[in-house]
Structure formats: structure tokens, C-alpha cells
Amino acid sequence: TGEADIASEILRQCMARAPARTICPSEVARALWPDDWRAHMSEVRAAGLALAMAGEIAITQGGEVCPPSRVIRGAVRYRLAL
């Protein structure tokens, strides 16, 4: 599973939600690697960051959008860019 597959799954899950609703990156990892999803969280976060840099999704933390140029630590969520 490559970055394009991960990005596709992030976008698919975001589009399946109501506008402005978020997904957890772990949901993406669990969908792609059900048996060892934790081992792939860094890959999901990297793909999410690339999508945010491209303006396709927003990364949120505590309900606020995080600029993708900022170093983001801790729990985040993804939603489609509005």
C-alpha cells in the first residue's frame, strides 16, 4: 500500500462524512491494515500532511485548523478543505 492508496482512503473517508465532519487518521490505518494498523500511523500522517499541503484536506486539532507548514504534534483529525 503506497502513499497514493493511503491518500485515496483518506479522501474516500472524508467524502463519506457530512461537510465539515472529521475522521481520525487511525480510521484510515485500520481500514488499510486491520491487523497491524498502529505500525502504519506515520505513513497515514505523512499522506495526510501531503493532502493538506495540496489544499485537499484540513488537519484539525482541538477543533481548530492547523496550518500544514507548522509542526503538528499530538492527536489530529482530518476533514475536507472547505
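## A walk along helix H1

Start in the middle: this is a predicted model, and its largest nonpolar core has 20 residues. Select Ile6, Ile10, Val44, Ile57 and Tyr78, the ones with the most contacts inside that core. Now colour by secondary structure: H1, H2, H3 and E1 each supply at least two residues of this core. H1 gives the most, with five residues.

So, on to H1. Select residues 3-16, and you have the helix, 14 residues in all. Draw a distance from its first C-alpha to its last and you'll get 20 Å, close to the 20 Å expected at 1.5 Å a residue.

Next, show side chains for Ile6, Ala7, Glu9, Ile10, Leu11, Gln13 and Cys14: these are buried in H1. What covers them? Among the covering elements are helix H2 (25-32), helix H3 (41-53), strand E1 (57-61) and strand E3 (77-80).

Zoom in on Ile10. Leaving out residues up to four places away in sequence, Ile10 touches Ile23, Val28, Val44, Ala47, Gly48, Leu51, Ile57 and Tyr78. Keep Val44, Ile57 and Tyr78 highlighted, since you picked them at the start as residues with the most contacts in the core.

Last stop: Gln13, also in H1. Is Gln13 buried or exposed? Its relative accessibility is 8%, so Gln13 counts as buried, the cut-off being under 20%. Follow the Gln13 side chain and you'll find that it reaches the backbone oxygen of Glu27 at 3.3 Å. To see the rest of the surroundings, add Ile23, Val28 and Ala31, which together with Glu27 are in contact with Gln13 once neighbours within four places in sequence are set aside.

Technical notes. Residues are numbered from 1 along each chain as its sequence is written. This is a predicted model: local features need pLDDT of at least 70, side-chain atom pairs count only at pLDDT 80 or more; totals for chains, interfaces and linings use all residues. Side-chain values use heavy atoms; hydrogens and water are left out. Helices (H or I, at least four residues) and strands (E, at least two) are DSSP runs, numbered from the N terminus. The expected span of a helix is 1.5 Å times one less than its number of residues. Buried means under 20% relative accessible area, exposed over 50%, partly exposed in between (1.4 Å probe, protein chains only). Contact means heavy atoms within 4.5 Å. A nonpolar core is a set of buried Ala, Val, Leu, Ile, Met, Phe, Trp, Tyr and Cys residues joined through side-chain atoms within 4.5 Å. A polar contact is a pair of N or O atoms within 3.5 Å; within protein, one must be able to donate a hydrogen and the other to accept it, and residues adjacent in sequence count only if both atoms are side-chain atoms.
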